[in-house]
Amino acid sequence: MKMSSKKLIILVLLPLALNATTLKDVLQMTLKNNANIKAMDYEIKSKNQTLKSVSNIYNPTVNIGANYNKTDLDIRSTGVGTTSTGYAKFGIELYNGGKNSSIKRQKSFELKSTKLENDATTKEILLQAVTLFYQIKTAEDNIKAYKEKSKTLYAQYKREKEKYDIQMITIDEVLKLQSEYESNKYIIEDLKYQKENLYENLSLLAGQKINNIKSSKLPELMNLNYKPSTNIEALKMNLKAINENIVLADAIKRPKIKLEDTLSVYHYANYNETLLKDLPENQNQLMLSFSLNLYDTSSSNKRQSAMLAKLVQKEQLNYAKSKEKMLFRLATKKLLTQKEKIKSAKSALNMANSVYDIIKTKYQNGVVDNITYLDALSKKTINKALYNQALNNYEIAKANYYFSSGVDYKKVLKMKF
């Protein structure tokens with residue numbers, strides 16, 4: 001018993017459908033495998049270690065060492081020819097003008113900024129993934145639409161060819177259909193390349209090979225209110241970190257107090273033991289030092305530089321705030337516009353289908369020529385492609401709307417879609 005071609009196609013496509021990747025799968029892959037997200041994670045770990053390295057503001061140190069001193073030739077009777085010394089020194093900065101405290105705060109702000117930047121970068125990468133996903137969907141939908149056109153054209157071409165073979169029509173009637181058929185094949189091949197290109201970019205972004213996607217729709221989150229993104233918060237942290245440079249410049253002129261304690265062990269050789277009976281074998285030296293910088297040529301310039309850098313960061317922050325609010329307004333407008341475009345595209349498609357059905361009947365009855373027929377078929381295909389594109393662009397507009405509103409992407413990923 002022969003298997004029908006329809007059943008055969010279903011059997012061939014079924015494994016592809018089962019292995020199709022949903023949008024949520026793509027986003028989860030991207031979070032797990034994307035190289036840029038991994039790089040940001042490593043940067044956070046690096047900044048965290050830097051913070052740990054400056055966490056003790058007193059900067060305690062412990063050093064050990066040894067000295068060997070030998071004197072030859074003319075040695076006084078009260079002199080020592082050879083002295084060996086071993087020591088352990090402990091030092092601590094009781095106060096250094098607030099420098100160490102400022103460095104610790106600065107590294108803490110930089111760590112927080114990096115974490116916030118990581119969140120902002122992740123959202124941008126996820127938005128790229130969503131965009132590529134629906135661009136692929138548009139390409140696939142359009143390929144399907146133009147293949148349907150090819151099928152119709154080929155069927156009409158065969159019918160006209162049969163008429164030509166029995167000399168019912170002239171060759172130009174056949175050539176027009178053949179030319180349109182070949183042009184349509186060209187469009188399909190171009191769309192196939194676009195689809196392959198998009199799949200490669202999506203696979204690179206997700207860090208995993210993706211060959212087939214499954215239709216998915218993002219959840220509907222309407223009437224969202226704008227709130228500053230993590231990128232704005234990151235800029236605020238950067239501003240605080242830059243402000244610490246002003247504190248560091250001022251710290252140069254503040255007093256410094258340091259405490260050091262040194263324990264030394266001595267060994268002597270080549271000396272007069274009779275005269276030198278009280279040479280020390282162990283000594284402990286405690287030293288408390290105080291210093292104050294009365295004049296230098298760099299601190300005022302460093303402070304001025306830090307002040308200017310702070311003003312730069314403030315302007316960048318104000319611009320970023322204004323830009324985000326503008327992008328949210330545009331994203332909201334874009335979402336509403338896409339809804340209207342779907343309605344218009346659907347209406348245009350319905351009319352194009354109706355016109356095509358009428359023209360097709362007239363064409364088959366010889367009332368209109370093939371130019372009119374081909375025009376109706378082309379408009380039907382183009383309107384179908386536009387409708388598919390409008391549907392997929394609406395999903396991209398939703399993603400833009402969500403992320404530009406400042407909503408947590410983890411909240412979106414937990415939703416069912």
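## Surroundings of N388

N388 touches T138, D141 and N142, when residues up to four places away in sequence are not counted. In this predicted model, N388 is placed in helix α8, and its relative accessible area of 12% means that N388 is buried, since buried stands for a value under 20%.

## Confidence of the model

The protein has a mean pLDDT of 89, and 94% of its residues reach 70 or more. Residues 8–18 form a stretch where the pLDDT is below 50, and beyond near neighbours in sequence this stretch has four contacts in the model.

## Aromatic pairs

A pair of aromatic rings is described by the distance of the centres and the angle of the planes. Nine aromatic pairs are found when the whole structure is searched. Among them is the pair of Y154 and Y181, which is tilted, with 5.7 Å from centre to centre and 40 degrees between the planes. Because Y154 belongs to helix α4 (residues 99–165) and Y181 to helix α5 (residues 171–206), this pair ties together parts that are 27 residues apart in sequence. Y154 has a relative accessibility of 40% and therefore counts as partly exposed.

The pair of Y363 and Y373 is stacked, because the ring centres lie 4.6 Å apart and the planes stand at 15 degrees, where stacked requires planes under 30 degrees apart. Y363 lies in helix α7 (residues 299–364) and Y373 in helix α8 (residues 370–404), so that this pair ties together parts that are ten residues apart in sequence. Y363 and Y373 are both buried. A further aromatic group is the cluster formed by Y226, F328, Y401 and Y402.

## Helix α7 and the residue that follows

Helix α7, which contributes Y363 to the stacked pair, has 66 residues and reaches 91 Å from its first C-alpha to its last, a span close to the 98 Å expected at 1.5 Å a residue. Just after α7, G366 takes a positive phi of about 80 degrees.

## Positive phi outside glycine

Two residues that are not glycines, N59 and Q167, also call for attention in the backbone. N59 has a positive phi of about 50 degrees and lies in the loop between α3 (35–53) and β1 (61–70); with a relative accessibility of 39%, N59 counts as partly exposed.

Q167 has a positive phi of about 65 degrees and is placed in the loop between α4 and α5, the two helices that hold Y154 and Y181 respectively. The relative accessible area of Q167 is 74%, so Q167 is exposed, the limit for that class being over 50%.

## The second largest pocket

The second largest pocket holds about 460 Å³ of space. Its lining is made of 17 residues, of which E124, E324, L327, F403 and S404 are the closest to its centre.

Four helices, α4, α6 (230–251), α7 and α8, each supply at least two residues of the lining of this pocket. The largest share comes from α7, which gives six residues to the lining of the second largest pocket. Helix α8, another of the contributors to this lining, is also the helix in which the buried residue N388 has its place.

How values were computed:
Residues are numbered from 1 along each chain as its sequence is written. This is a predicted model: local features need pLDDT of at least 70, side-chain atom pairs count only at pLDDT 80 or more; totals for chains, interfaces and linings use all residues. Side-chain values use heavy atoms; hydrogens and water are left out. Rings of Phe, Tyr and Trp (its six-membered ring) pair if their centres lie within 6.5 Å; planes under 30 degrees apart count as stacked, over 60 as edge-to-face and the rest as tilted. Buried means under 20% relative accessible area, exposed over 50%, partly exposed in between (1.4 Å probe, protein chains only). pLDDT is the predictor's confidence in each residue, from 0 to 100. Contact means heavy atoms within 4.5 Å. The expected span of a helix is 1.5 Å times one less than its number of residues. On a 1 Å grid over the protein atoms alone, a cavity is a set of points where a 1.4 Å probe fits but cannot get out, and a pocket is an open set with protein on both sides within 12 Å along at least five of seven lines; lining residues have an atom within 4 Å of a point. Grid points are joined across faces, edges and corners, and a volume is the space filled by probe spheres set on the points.
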